[in-house]
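Reader: Hello! I would like a close look at the pockets of this protein and the aromatic rings in it. Could you walk me through them?

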Amino acid sequence: MNRRFTRDDVEILDDAEGYNGFFKLRRLRLRHRLFAGGWSKPISRELILRHAAVGVLLYDPQLDSVALLEQFRVGTLPGSDSPWLYELVAGLIDTDEPIETVARREAQEEASCSIRQLEKITGYYSSPGGSSEYLHLYCGLTDLSQAGGIHGLATEGEDIRVQVVGFDEAWQWLLDGRIGNAHTLIAMQWLKLNRERLRHDAQSQGSSEERSERHT
């Protein structure tokens with residue numbers, strides 16, 4: 001059986017600061033073990049250090065709708081006709097707060113939504129070729145009947161338009177290429193696989209609450 005390499009199979013030969021601002025850039029010179037045996041020649045890499053982040057797909061199983069956030073993204077300027085993307089609620093984890101606490105706070109700040117239940121979707125490195133960012137991805141069950149409008153913190157330069165879209169329409173947006181970022185694509189695909197279960201659970205919970213009210 002092939003041995004799986006670990007962090008111990010990388011040797012940092014030099015680590016220098018390249019930039020220290022909102023993002024931090026390190027200039028690394030390193031070598032690593034090779035699958036065929038031995039070590040690679042020294043190679044140079046630039047590494048952007050970013051805090052971990054959390055993304056939340058807001059879903060209302062009663063309405064069978066999602067909330068998509070539209071906002072400006074500078075990273076799309078070089079190759080997009082419109083640098084405004086449809087995305088999830090998302091935020092950096094830059095304190096010792098629990099991840100789910102950050103998720104719930106971001107949902108309030110960016111969409112004025114209170115999350116009733118969080119389900120973990122997955123976690124992944126968003127661009128491991130040059131960035132340390134790790135994204136924790138969730139589905140947040142919520143009431144979207146009153147959601148919409150413009151939100152975000154002015155102190156953080158946020159200008160976010162929230163749109164409530166039926167799942168079938170949102171899925172068509174995905175197929176048409178109107179959704180073009182990884183965390184939203186992954187979350188929508190997860191929801192397509194789990195949507196019927198979530199709707200069934202919500203209906204069952206609603207029926208249980210109605211029976212409880214009749215007996216009180």
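Author: Happy to! A residue counts as buried when its relative accessible area is under 20%, as exposed when that area is over 50%, and as partly exposed in between. Please keep in mind that this is a predicted model.

Let us begin with the largest pocket. It holds about 1400 Å³ of space, and its lining is made up of 36 residues. Those nearest the centre of this pocket are F23, R50, R73, L92 and E133. Several elements supply at least two lining residues each: the strands β5 (65-72), β6 (84-87) and β7 (89-92), together with the helices α1 (99-111) and α3 (182-214). The largest share comes from α1, with 4 residues. As for chemistry, the lining of the largest pocket divides into 13 nonpolar, 11 polar and 12 charged residues.

F23, one of the residues nearest the centre of that pocket, also takes us to the aromatic rings. The structure holds 6 aromatic pairs. In one of them, F22 and F23 meet edge-to-face, with 5.0 Å from centre to centre and 75° between the planes. How exposed are these two? F22 has a relative accessible area of 65%, over the 50% cut-off, so F22 is exposed. F23, at 34%, falls between the two cut-offs and is therefore partly exposed.

Another pair is formed by F167 and W171: their ring centres are 6.1 Å apart and their planes lie at 20°, so this pair is stacked. Both residues belong to helix α2 (residues 167-175), where they are 4 residues apart, which means about one helical turn separates them. F167 has a relative accessible area of 1% and is buried. W171, at 15%, is also under the 20% cut-off and therefore buried.

Two other tryptophans each have an arginine for company. The charged end of R31 sits over the ring of W39, 4.3 Å from the ring centre. Likewise, the charged end of R178 sits over the ring of W173, at 4.1 Å from its centre.

Finally, there is the second largest pocket, with a volume of about 540 Å³. Its lining has 17 residues, and L28, L30, L47, P128 and G129 are the ones nearest its centre. The strands β1 (10-20), β2 (24-32) and β3 (43-49) each supply at least two residues here, and β3 gives the most, with 5. This lining divides into 9 nonpolar, 5 polar and 3 charged residues.

Definitions and conventions. Residues are numbered from 1 along each chain as its sequence is written. This is a predicted model: local features need pLDDT of at least 70, side-chain atom pairs count only at pLDDT 80 or more; totals for chains, interfaces and linings use all residues. Side-chain values use heavy atoms; hydrogens and water are left out. On a 1 Å grid over the protein atoms alone, a cavity is a set of points where a 1.4 Å probe fits but cannot get out, and a pocket is an open set with protein on both sides within 12 Å along at least five of seven lines; lining residues have an atom within 4 Å of a point. Grid points are joined across faces, edges and corners, and a volume is the space filled by probe spheres set on the points. Ala, Val, Leu, Ile, Met, Phe, Trp, Tyr, Cys and Pro count as nonpolar, Asp, Glu, Lys and Arg as charged, and the others, Gly among them, as polar. Rings of Phe, Tyr and Trp (its six-membered ring) pair if their centres lie within 6.5 Å; planes under 30 degrees apart count as stacked, over 60 as edge-to-face and the rest as tilted. Buried means under 20% relative accessible area, exposed over 50%, partly exposed in between (1.4 Å probe, protein chains only). A charge sits over a ring if NZ of Lys or CZ of Arg is within 6 Å of the ring centre and within 35 degrees of the ring normal.
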